[in-house]
Amino acid sequence: MRRYALRRTLLGIITVVIVSMIIFIATRLSGDVAILIAPPDASDAEIQEIRVQLGLNKPIPYQYYVFVRNALKGDFGRSIRYNRPAIDVLLDRFFGTVELVGTAFIVSIVTGVLLGTLSATRRGTWLDQSGKLFALLGQSMPGFWVGIMLILVFSVNLGLLPTSGRDGISHLLLPSFSMAWYSIASIMRVTRSSMMDVMDSEYIKMARSKGNPEYIVIWKHGLKNALIPVIALAGVQLANLLGGAVIIENVFNWPGLGSMIVDAIYARDYPLVQAGVFFISIFLIALNLIVDLLFGFIDPRITYE
Amino acid sequence: MNNMKIITRNPHHLFSVLKHVPVIPLLLLLPMIVCGIFGPYLYLHDPTAMKLSMALKPPAWVSGGDWSYLLGTDNMGRDLLSRLIEGARASLIVAFFGVGFAGIVGVSIGMIAGYFEGKIDNIIMRFVDAQMSIPAILLIILLAAVLGGGLATIILSITLVFWTQYARVIRGETLSIKQRDFVVLAKVTDCGTFRILRKHIFPNTTNTIMVLATLQLGRAIIIEASITFLGMGIQPPATAWGLIISDGRIYMSTAWWIPTFAGMAIMITVLGANLLGDWLRDRLDPKLRQL
Amino acid sequence: MDKTRSTRFFYLICIIFLGVALFGVRNALAQEGSSNPLIIAVKAEPDTLVPTDTKYAVTSNPISNNIFERLVDLSTEGKFVPGIASWEIMAGGKEFLFTIRKGVKFHSGDPLTTKDVEFSHNRSWEKSPTYKRYLRGFDRIEIIDDYHCKFFFKAPDVLFIPTRYLQIVSKNYFDRVGEEEFLNKPVGTGPYKLAAWKQGDYIDIERNEEYWGKKPQVQKARFVFTKEDTTRIASLKTGEAGMIMDTPYPLVKDVENAGFKTVRLYTHPPCSVQFHNNNPNVPWYHQKVRLAIAYAIDKDAIVNDLFQGIPAGYPRLAPWELGYDPELKQYPYDPEKAKALLKEAGYPRGFEMPLYYFAGRSYGQKETTEAVALFLNAVGIRCKIQGIEAAQMLAKVRAWHNDPKTEYVGVASVPMAFLPDPVEAISTAYLSTGWGTMYFNKEHLDPIIEEAMVTMDDTKRGELIKKAIKILHEDVASIQIWANTSVYAMKQNIDFTPTLKNREALMLVKDVIIK
């Protein structure tokens, strides 16, 4: 077990290194920030001067070395656009994304599990059918479209919820639902099939024979066991949601990492792009590692190759 | 349940399953496929014929509408229906080639990783891990910033982002298939590696590939729309659904028909692809349900 | 029986969700009453508010000009007026003597002196490559005393006053707090001071009670950054925002119909078809072909039908601008004449032509490009539209600039109308040594533009501008399709007067009155 944990951690670190290389190379190939911020009639010498100022005149491998050296000390360079340490800009936005993605995650899990369980326990009823349709619809529309529609209906027409910004629960509802809707389908599917397996097991039969009412059997005994594969999916779901945040934060004017990274890509703000994407990736890699290791403890069926 | 019987009896025969035709998903997918292939014969108007004086005409049944423009016109006075038909083609191309190339790359790499294991496998899987830990949409915008927007870029970036899923799943399949008797036998009889992969392993992964590809079709269309929304997608004069919906979103409250019909086109098609994918998964490869 | 129970559970969950939702609504309503700054939704977040340091003046100045002031002030009607300083032009435009207003204080309490002017100039010179560009004839600055200083130029500079490029930051404050705080807590002399800046979210400003000038009516304002056009409009409609900037043209009527007031400001830059004409091997090297293109595009239809008549359709300059020529008319839409001209030029069956534009998230250029391409296709010029994202396009333009093999036609913002002084437009866009220049007419045009650049007398300069623009027009150096109009939309009880003749569309809260 310890060897397994060590090995997984090591692999995680290698993945982090590869991610940093991919991001680093992609940002450097994406265009020259010096040309973007220099006045259009700047001479080649002036452009070169800007490159020197930003440390972009050195060969890419050397720049990468500098990046790694500083990143290990927690320094991700200065944002070119904001002229502040990239890590500061990032931390300002980080909690916005955590709040949004976290809420969306909870919404999608709760709804997905609810619909999945209902669908598994009452196969073929209208509840099952409409639940399925609802979940699949979410997967079939572009997120920005859903967001704009929701704003139109709930904010402009009904006047119930605010359109944009980050300021309490009411501001959180529309964006988090727009994001969550996409993930509901897969959570529902996993819950449904694992619930179906669980409900056929001896354990449930025993719970029933003890005279427990059916809803206790389903929601307590059944769900407890059916949830394991759902949790195993958490990493993938969070990656999807973080991707969705890139779009949704733009629609709802939400101050988060996603909209920050998109802006930074447009502005060719290399340090900020690197820091942002890197941060998200490390988060996901760490999360997957934790899930893997936890399952090593929880589920004895997993073997450690 | 009926399905369950089919699975237990005949888990790996594509054609025996197709006797039970999935009517609804196919009906939903039909418009896109027909429009994508026969588009040019279906136009009522040239989709690029602009008449600015005819801009923003509502659909025929709304007052002010015109029966020759069934779904109304867009901001440049082009027939919306004809544009949607034309857009089906680009969306079909993006989805089909993006997913197709991703499939070719991913399956080959996945089989190699699974078959050889060891170092090659390790290296490949680290790249897969790395790529999967960057949200797809971010990676695609980054790639678009490197390559410049446009149809080819989108296809390429979808390939570069989607292949990992194939690689991961097919690697797993290969790992288990190669333990089976017929592969072991083939190895003993000194069959070439390439031949084993092609003749013995690949045919046994086709079900999985089918399921994956169908499910990814829908995702590709959504991604195309999202990238165009972020400003790096398909550029005119090409027309894709994603472009119509993202350019048309500004008309949501004044000329609702543009974003609404474009959105419905996407929704219907992706819903069809997802339903078909679900259906195939239930019948061909139920263990894939985590996707 | 059991089924009804689990259904009940389902309903319970639904009710909880609904409860949370309602709680949220109540929250939102409660907030509305508690404090009410004027909320203004703008399109983009500034990179910094310190004007000497900004690299993106277009997004920074509209907000930062509430906090900082320029050496030369500007009235809303576009008149250059004394503000924190008055000036005198000497030595035929080579020397500018500034007299600082006494008693002006920065928000930090530091008094304004010429030391601040010198410091601001030096810092801009060092930090902003653009500033250096605009003051290219600058020679030196001389501090006479605390309230008098003099700028020396090598040649007369007609643009120094109108471009108002120098904005004043405090030297004492910088010396006291250092670089980081100077950037993070900007301090100016303006009618408002920065109250809070939540990155990615909003900027709060509040009235400077010790302001030297007229006290503005609005006490507090909040700028929120709403990139997405549809959301910005929605936030106005729901009442979350009192005012919005950059209403997209197709939605102006919609906003007005919903009962909101709009104010329009003619503002830089216009949208034109631009040619690279240094390559003798391309069809558009010939004036006749360019003329044919001008005739083939229905500019009125683009302005009136595509953009619903919102942007201005002036052929070059607006009537109130220096050097405006009432004789100068837009080439009318005449596809037959265009075809005839193409035939005359030797292209009876048309030709293939690239048509570039800056792809991105701003509204207008893509739509114009599409329309232009469709008009040109109709006369046989087959356009290959290429939308290229700004960073890559700028790199291309640099590479193309002096390359005689370049094949470029594009829809771009070529400077012309609505700049502080038209000399700036013609000298940056059409002087063959200038930038972004795709048009080369060394013998005829350059001498006129160079003369205009040093002619301080308005009437004489006006004549020169007129002459230069006439050559540009007859030679079809570019085809201006529409001139940008920035549309502010607001609640009915808000009055706002925008400032004419500033390079960027400003959002000065001092000019807002709430009834």
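Helices here are DSSP runs of H or I with at least four residues, numbered from the N terminus. With that in hand, a good place to enter this predicted model is B:Thr208, which has its place in helix α10 of chain B. B:Thr208 counts as buried because its relative accessible area is 1%, and the cut-off for buried is under 20%. Along the chain, B:Thr208 and B:Ile37 are 171 residues apart, and their C-alpha atoms are separated by 26 Å.

The helix around B:Thr208 deserves a closer look. Helix α10 of chain B covers residues 206-229, a run of 24 residues. At 1.5 Å a residue the expected span is 34 Å, and the end C-alpha atoms are indeed 34 Å apart, so the two values agree. Even so, α10(B) carries a kink of about 25°, and the kink is centred on B:Leu217. The helix is also mostly covered, with 19 of its 24 residues buried. Just after α10(B) comes B:Gly231, whose phi is positive, at about 95°.

Stepping back to the whole of chain B, the secondary structure consists of twelve helices and zero strands. Read along the sequence, the pattern is therefore α-α-α-α-α-α-α-α-α-α-α-α, helices being DSSP runs of H or I. Taken along the principal axes, the C-alpha atoms of chain B fill a box of roughly 75 × 45 × 30 Å. The chain has 291 residues, and 56% of them are buried. Of the contacts in chain B with a separation of 6 or more, 72% are accounted for by residues 24 or more positions apart. The accessible surface of chain B is about 12000 Å², and 67% of that area belongs to carbon and sulfur atoms. Chain B has 24 positive and 16 negative charges, and the mean positions of the two sets are 7 Å apart.

Chain A can be described along similar lines. Its secondary structure comes to 13 helices and zero strands, and from the N terminus on the elements of chain A run α-α-α-α-α-α-α-α-α-α-α-α-α. The C-alpha atoms of chain A fill a box of roughly 85 × 60 × 30 Å along the principal axes. Chain A has 305 residues, of which 58% count as buried. Among its contacts between residues at least 6 apart in sequence, 74% join residues at least 24 apart. About 12500 Å² of chain A is exposed, and carbon and sulfur atoms supply 66% of this surface. There are 26 positive and 21 negative side chains in chain A, with the centres of the two sets 10 Å apart.

Chain C offers a helix of its own to examine. Helix α3 of chain C takes in the 14 residues 114-127. Its expected span at 1.5 Å a residue is 20 Å, and its end C-alpha atoms are 20 Å apart, so here too expectation and model agree. The buried residues of α3(C) include C:Thr114, C:Asp116, C:Val117 and C:Phe119. Further along the helix, C:Ser120, C:His121, C:Arg123 and C:Ser124 are buried as well. These buried residues pack against helices and strands of chain C: the strands are β5 (95-100), β6 (138-145) and β7 (148-153), and the helices are α4 (129-134) and α6 (171-184).

Terms used
Residues are numbered from 1 along each chain as its sequence is written. Chains are lettered from A and ligands numbered from 1 in the order in which they are written. This is a predicted model: local features need pLDDT of at least 70, side-chain atom pairs count only at pLDDT 80 or more; totals for chains, interfaces and linings use all residues. Side-chain values use heavy atoms; hydrogens and water are left out. Helices (H or I, at least four residues) and strands (E, at least two) are DSSP runs, numbered from the N terminus. Buried means under 20% relative accessible area, exposed over 50%, partly exposed in between (1.4 Å probe, protein chains only). Contact means heavy atoms within 4.5 Å. Accessible areas come from the Shrake-Rupley method with a 1.4 Å probe; for residues, only the protein chains shown count as cover. Lys and Arg count as positive and Asp and Glu as negative; His and the chain ends are not counted. The place of a charge is taken as NZ of Lys, CZ of Arg, CG of Asp or CD of Glu. The expected span of a helix is 1.5 Å times one less than its number of residues. The bend at a residue is the angle between axes fitted to the seven residues ending there and the seven starting there.
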